[in-house]
Amino acid sequence: MYHFTPDPNQSKPDLYRELAASAAALVGGERDPVANMANVAALIWQFVPRLNWAGFYRVVGGELVLGPFQGAPACIRIPLGQGVCGTAVASGETQLVPDVHAFPGHIACDTASASELVVPVRRGSVVVAVIDLDSPDLARFDAADARGIELLAVAIAAAV
Ligand code: SME
């Protein structure tokens, strides 16, 4: 079993570089996308503090379908363009939401969630999935978190 112990004194860029490198190593030898997404969700859970949900939604048949995750059971299907996740796919842009209650159309899967970060995973120019992080703390995520999870998305895109 892999157990990663991030240094709590690391800067965010260093933490996310280590997370991306660890994730790339973890998925590098495996071609099953479910296994890889499950391991990456577990790795995010270990590395990134103050989360209540971390995982994947996949673009399947023109909608988002729940993928491997850590946290409470969540909404299974999300139409493209709806919620924070559907907006990330429709716009192709990372969504950094300091207060989910102020985001029009936010889908509340876990009432504990206060802020959210959603990053598209692209293969070529096509968005194939999103990485979704929820936190119980308002304004938990900043630009450094967004850049870090975008780095992770690039590192694992071919394997999910
Ligand atoms: N809040 C998300 C739905 C997924 S849960 O956070 C796990 C959204 O609005 O798309």
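This section describes the ligand site of a predicted model and then a set of individual residues in the same chain.

The ligand is surrounded by 13 residues, and the closest of these are V84, C85, I107, E116 and D134. By residue class, the shell divides into eight nonpolar, two polar and three charged residues. The space that the ligand takes is the largest cavity. Three elements, β1 (53-60), α3 (83-91) and β6 (126-135), each give two or more residues to the shell. The largest contribution is that of α3, with three residues.

Polar atoms of the protein approach the ligand at several points. A backbone N or O atom of I107 lies 2.8 Å from a nitrogen atom of the ligand. In the case of H106, an N or O atom of the side chain is 3.3 Å from a nitrogen atom of the ligand. The side chain of D132 places an N or O atom 3.3 Å from an oxygen atom of the ligand. On its own the ligand has 300 Å² of accessible area, of which the protein covers 99%.

D132 belongs to strand β6, one of the elements that give two or more residues to the ligand shell. With a relative accessible area of 4%, D132 falls under the 20% limit and is therefore buried. The C-alpha atom of D132 is separated by 5.9 Å from that of L117, although the two residues are 15 positions apart along the chain.

D134, one of the closest residues to the ligand, also takes part in a contact within the protein. Its side chain is joined to the side chain of S113 by a polar contact of 2.8 Å. S113 is located in the loop between β4 (95-97) and β5 (115-123). The relative accessibility of S113 is 4%, so this loop residue counts as buried.

S135 is a further residue of strand β6. Its relative accessibility is 0%, and S135 therefore counts as buried. A polar atom of the S135 side chain lies 2.8 Å from the backbone oxygen of R50. R50 is placed in the loop between α2 and β1. In contrast to the buried S135, R50 has a relative accessibility of 47% and so counts as partly exposed.

The backbone of R50 also has a positive phi, of about 60°, although R50 is not a glycine. A second residue of this kind is A139, which is not a glycine and has a positive phi of about 50°. A139 is found in the loop between β6 and α4 (143-156). Most residues other than glycine have a negative phi.

Several further residues were examined for their burial and for the separation of C-alpha atoms. I44 lies in helix α2, which spans residues 33-47. The relative accessible area of I44 is 0%, so I44 is buried. Between I44 and T87, which are 43 residues apart along the chain, the C-alpha separation is 22 Å.

E150 is part of helix α4. Its relative accessible area of 24% lies between the limits of 20% and 50%, and E150 is therefore partly exposed. E150 and A20 are 130 residues apart in sequence, while their C-alpha atoms are 9.4 Å apart in space.

G62 occupies the loop between β1 and β2 (63-71). With a relative accessibility of 53%, which is over the 50% limit, G62 counts as exposed. The C-alpha atoms of G62 and L80 are separated by 7.1 Å, with their positions 18 residues apart along the chain counted as the sequence separation.

Taken together, strand β6 recurs in this description. D132 of this strand has a side-chain N or O atom 3.3 Å from a ligand oxygen, the side chain of D134 is in polar contact with that of S113, and the side chain of S135 has a polar atom 2.8 Å from the backbone oxygen of R50.

Technical notes:
Residues are numbered from 1 along each chain as its sequence is written. This is a predicted model: local features need pLDDT of at least 70, side-chain atom pairs count only at pLDDT 80 or more; totals for chains, interfaces and linings use all residues. Side-chain values use heavy atoms; hydrogens and water are left out. A residue is near a molecule or strand if one of its heavy atoms lies within 4 Å of it. A polar contact is a pair of N or O atoms within 3.5 Å; within protein, one must be able to donate a hydrogen and the other to accept it, and residues adjacent in sequence count only if both atoms are side-chain atoms. Accessible areas come from the Shrake-Rupley method with a 1.4 Å probe; for residues, only the protein chains shown count as cover. On a 1 Å grid over the protein atoms alone, a cavity is a set of points where a 1.4 Å probe fits but cannot get out, and a pocket is an open set with protein on both sides within 12 Å along at least five of seven lines; lining residues have an atom within 4 Å of a point. A molecule sits in a cavity or pocket if more than half of its atoms lie within 2 Å of its grid points. Helices (H or I, at least four residues) and strands (E, at least two) are DSSP runs, numbered from the N terminus. Ala, Val, Leu, Ile, Met, Phe, Trp, Tyr, Cys and Pro count as nonpolar, Asp, Glu, Lys and Arg as charged, and the others, Gly among them, as polar. Buried means under 20% relative accessible area, exposed over 50%, partly exposed in between (1.4 Å probe, protein chains only).
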